[in-house]
Amino acid sequence: MSLRDRLFSRPRLGVEVPEGERTLLLIGNPNVGKSALFNRLTGGSATVSNYPGTTVDVTRGSLVADHQAREVIDVPGAYSLEPRDAAEEVAARIVGEYPDAVALVVLDATRIERGLYLLLQVLERGMRTVVAVNMIDAARAKGIMVDTAALQHLLGVPVVSTAATTGEGTRDLVGILHKAQVADLPAVRDRVAGKTPEPPANLPGCAGCGRCR
């Protein structure tokens with residue numbers, strides 16, 4: 001068994017990943033450590049090619065977890081899915097092409113607020129989403145404390161802190177991908193406003209999303 005398999009493979013839990021969700025899109029602003037996280041997830045095995053009709057590079061690789069393979073696509077860095085340049089146009093097109101994919105939105109732990117607009121746009125598209133608060137080591141070095149539990153509770157989707165350069169949190173991130181959630185935006189707005197939304201009538205078993213907090 002390869003090192004990558006030993007790190008990321010766990011005993012089968014009986015949860016089959018639906019075909020559409022076997023694609024994982026890494027989405028985030030430029031310079032949030034997205035490429036380093038991609039390398040951690042895929043073991044560095046990647047193919048790079050121009051997105052059709054453009055000169056924008058798109059990197060693809062694979063992740064094996066729970067004995068199941070996912071295609072991982074490193075979406076070009078973007079601040080918005082409302083394109084203002086070629087990279088953002090490709091990012092928006094890829095997100096549109098994979099509506100059933102799991103979105104792994106990567107935030108910079110030292111400047112979380114800069115990535116929230118893009119994160120909100122992803123949530124508004126109804127994609128199953130997991131959030132990685134990356135560069136958490138850099139945030140700690142600057143004395144910035146990130147309450148990922150509070151952010152998870154606010155968003156209603158799993159949030160994991162990572163430091164892709166050291167591998168911190170990467171295993172936890174892989175282990176929680178199958179718990180990706182579609183955000184309940186009205187409930188998110190209520191929580192932002194300080195209200196306590198009513199829990200859904202048929203809340204599924206614990207998904208690690210923090211909604212039961």
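Student: Which strands does α4 lie across?
Tutor: This is a predicted model. In it, α4 lies across β1, β5 and β6. The helix runs at about 165° to β5.

Student: How many residues does α4 have, and how far does it reach?
Tutor: α4 covers residues 112-124, which is 13 residues. From first C-alpha to last it reaches 18 Å, close to the 18 Å expected at 1.5 Å a residue.

Student: Where is the kink in α4 centred?
Tutor: On Leu-118. The kink is about 30°. Leu-118 is also one of the buried residues of α4.

Student: Which others are buried there?
Tutor: Ile-112, Gly-115, Leu-119, Gln-121, Val-122 and Leu-123.

Student: What do the buried residues of α4 pack against?
Tutor: Three strands and two helices: β1 (23-28), β5 (102-108) and β6 (128-134), plus α6 (148-155) and α8 (185-192).

Student: And just after α4, which residue takes a positive phi?
Tutor: Gly-126, with a phi of about 75°.

Student: Switching to the sheet. What is the strand order?
Tutor: β2-β3-β4-β1-β5-β6-β7. The seven strands form an open sheet with mixed pairing.

Student: Why is one side of β2 and of β7 left without a neighbour?
Tutor: β2 (46-50) and β7 (159-161) stand at the edges of the sheet, and each has a single partner strand, so one side stays unpaired there. On average, neighbouring strands are turned by 25° against each other, direction ignored.

Student: In what sense do β3 and β4 pair?
Tutor: Antiparallel, over seven bridges. One bridge joins Ser-62 to Glu-71 in β4.

Student: Which helix lies across β1, β3 and β4?
Tutor: α3, residues 86-97. α3 runs at about 150° to β1.

Key
Residues are numbered from 1 along each chain as its sequence is written. This is a predicted model: local features need pLDDT of at least 70, side-chain atom pairs count only at pLDDT 80 or more; totals for chains, interfaces and linings use all residues. Side-chain values use heavy atoms; hydrogens and water are left out. Helices (H or I, at least four residues) and strands (E, at least two) are DSSP runs, numbered from the N terminus. The expected span of a helix is 1.5 Å times one less than its number of residues. The bend at a residue is the angle between axes fitted to the seven residues ending there and the seven starting there. Buried means under 20% relative accessible area, exposed over 50%, partly exposed in between (1.4 Å probe, protein chains only). Contact means heavy atoms within 4.5 Å. Two strands pair if DSSP finds at least two bridges between them. Axes are lines fitted to C-alpha atoms, for helices over the stretch in contact, and angles run from 0 to 180 degrees between N-to-C directions.
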